[in-house]
Amino acid sequence: MNKFFLLAALVFTLVIAGCGKHENGGRTDGDTLALKYSKLLTIVDHDDDFSEVSISDPWHKDKTLQRYVLVDRDKTVPEDAKSMIAGGAVLVRTPLKRAVVFTSAHCQLLEELGCGNDIAGVADAEYINVADIRKRLAAKKITDVGNGMQPSVEKIVDMNSDGLLISPFENSGGFGKLDKTGIPIIQTADYMETSPLGRAEWIRFYGMLFGCSEKADSLFRSVDIQYTKLKKTAGSLPKGLSILTERKTGSVWYTPGGNSTMGILLRDANAGYAFADDKHSGSLQLAPETVIDKAGETDVWAFKYIGEKPLTREELLQEYAGYSALKAFWKGNIYECNTLTTPYFETVSFHPELLLREFIQIAHPNCKLGGLRFYSKLR
């Protein structure tokens, strides 16, 4: 009987010792960081030696897009980390100091985190609406590596970059010649998260990469608190006006799926949305006639565009005469966001609370939350 109790106590002790640990290749070491919203990130801290970050493949369930081992640039690579690297994980020496960033949203985030000087190069520079980045580009302190789909590999190698922040795409087949440079490619798959706060939580990962974890964690907490508060405010109001987003592109009208980030934002704003019952987490590619038929009675039409000046109703009708069938069009309830002059894409990716505040005010005109920042009513 005494042996039985001793054996039970031993088993209990081993179970308790294993709780809260991350299993990896049969080993139980490292503490998994608790994430509130992200469905794609798994972060494991291995004491002070290194961190392990796994990104789930958003297009293939139960598969991993990439694994990273983050090791301080002034420390030797631990043996456990070496075994992970041998197994396919990518070694990243942190903090990054000469990164090439391929999207304006990540440029803006790094500026906000105080890491703007760690950006050595950017792609698609003409589309980056970040004041300090533009100044540094003009002063040749940041290198323009060209088109994001076909960047100058020679420039990237010559600048001794220590990390490339690139958004992955389904069935892209890799990153071409960049895969052969030996420079760590950080796959910024945050845009594939299925919730606004899930994407914003990637702030914490980027903070780890650039050595500003405390500031990044604080920023994310602030975003989370503000978003949650605004959602509660909207939920206390009567059901708001219905909103239709975007406009016709060629022969297709891309509208957010009901479970997409934008669909969730509209729901959290307590706004009506014609496609709210849809279960897709991405965009719907619909014929314009289908959108008119389904959402023609929508109260508000809010879309984004790029232009030198505000659009007019006449120009919209020249683009597609079918717009005249929208209730929001003939009632004059149209809101536009010119992303050429408004830092929409640079801001809302990691600040969904700002876009939520916008939609609450559009859906609830009597709710005063400081005015609109991105959208303006078409005159």
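How many bridges join strand β13 to β14, and do the two run parallel or antiparallel? I opened the notebook with this point and worked outward from it. The model I consulted is predicted.

**Entry 1: the β13–β14–β15 sheet**

I found two bridges between β13 (residues 248–249) and β14, and the strands run antiparallel. Within this pairing, K248 stands opposite W253 of β14. I then looked at the connection: β13 and β14 make a hairpin in which two residues lie between the strands. G250, in the turn, has a positive phi of about 65°.

I next followed β14 to its other partner. Four bridges link β14 to β15 (residues 283–286), again in an antiparallel arrangement. W253 recurs here, since its bridge partner in β15 is L286. I therefore recorded W253 twice, opposite K248 and paired with L286.

Taken together, the three strands form an open sheet in the order β13-β14-β15, with antiparallel pairing. Because β13 and β15 stand at the edges and have a single partner strand each, one side of each is left without a neighbour in the sheet. I also noted that helix α10 (residues 288–295) packs on this sheet and touches β13, β14 and β15. The direction of α10 makes about 45° with that of β14.

Is β14 mostly covered or mostly uncovered? I found that four of the five residues of β14 (residues 252–256) are buried, and I entered the strand as mostly covered.

**Entry 2: β17 and its neighbours**

I turned to β17 (residues 334–338). Five of its five residues are buried, so the strand is largely enclosed by the rest of the structure. I checked the two faces separately. On one side I334, E336 and N338 are buried, and on the other Y335 and C337 are buried, which leaves both faces covered. In general, side chains of a regular strand alternate between the two faces of the sheet.

Which strands pair with β17? Strand β16 (residues 300–305) is joined to β17 by five bridges, and these two run parallel. In that pairing, K304 has C337 of β17 as its bridge partner. Strand β18 (residues 376–377) is joined to β17 by two bridges, and here the strands run antiparallel. E336 has S376 of β18 as its bridge partner.

**Entry 3: cysteines**

How many disulfides does a search of the whole structure find? The search finds zero. I looked up two cysteines individually. C212 is in no disulfide, and the nearest cysteine sulfur, belonging to C115, lies 3.4 Å away. The cut-off for a disulfide is a pair of cysteine sulfur atoms within 2.5 Å, so the C212 and C115 sulfurs do not qualify. C212 is buried, at a relative accessible area of 11%.

C337 is likewise in no disulfide; its nearest cysteine sulfur is that of C107, 19 Å away. The relative accessibility of C337 is 0%, and I entered the residue as buried.

**Entry 4: G114 beside C212**

I looked at G114, which is in the loop between α3 (104–112) and β8 (119–122). G114 is exposed, with a relative accessible area of 58%, whereas C212 is buried. The C-alpha atoms of G114 and C212 are separated by 8.3 Å, although the residues are 98 apart along the chain.

**Entry 5: α8 against α14**

At what angle do α8 and α14 pack? I recorded about 20° between helix α8 (residues 213–235) and helix α14 (residues 352–363), with their axes 8 Å apart. This angle makes α8 roughly parallel to α14. The crossing of the two helices is left-handed. From α8 the contact involves V223, Q226, Y227, L230, K231 and A234. From α14 the contact involves P352, E353, L356, R357 and I360.

**Entry 6: the whole protein**

I closed with the overall values. The protein has 14 helices and 18 strands. Its C-alpha trace spans about 80 × 65 × 35 Å along the principal axes. Of its 379 residues, 51% count as buried. Among contacts with a separation of 6 or more, 57% come from residues 24 or more positions apart.

Technical notes. Residues numbered from 1 in each chain as written. Predicted model: local features only at pLDDT ≥ 70, side-chain atom pairs only at ≥ 80, totals over all residues. Heavy atoms only, no water. Buried < 20%, exposed > 50% of the residue type's maximum accessible area, 1.4 Å probe, protein only. Pairing = 2+ DSSP bridges. Contact = heavy atoms within 4.5 Å. Axes fitted to C-alpha atoms, helices over the stretch in contact; angles between N-to-C directions. Parallel < 35°, antiparallel > 145°, perpendicular 65-115°, else oblique. Left-handed = near helix turned anticlockwise from the far one by under 90°.
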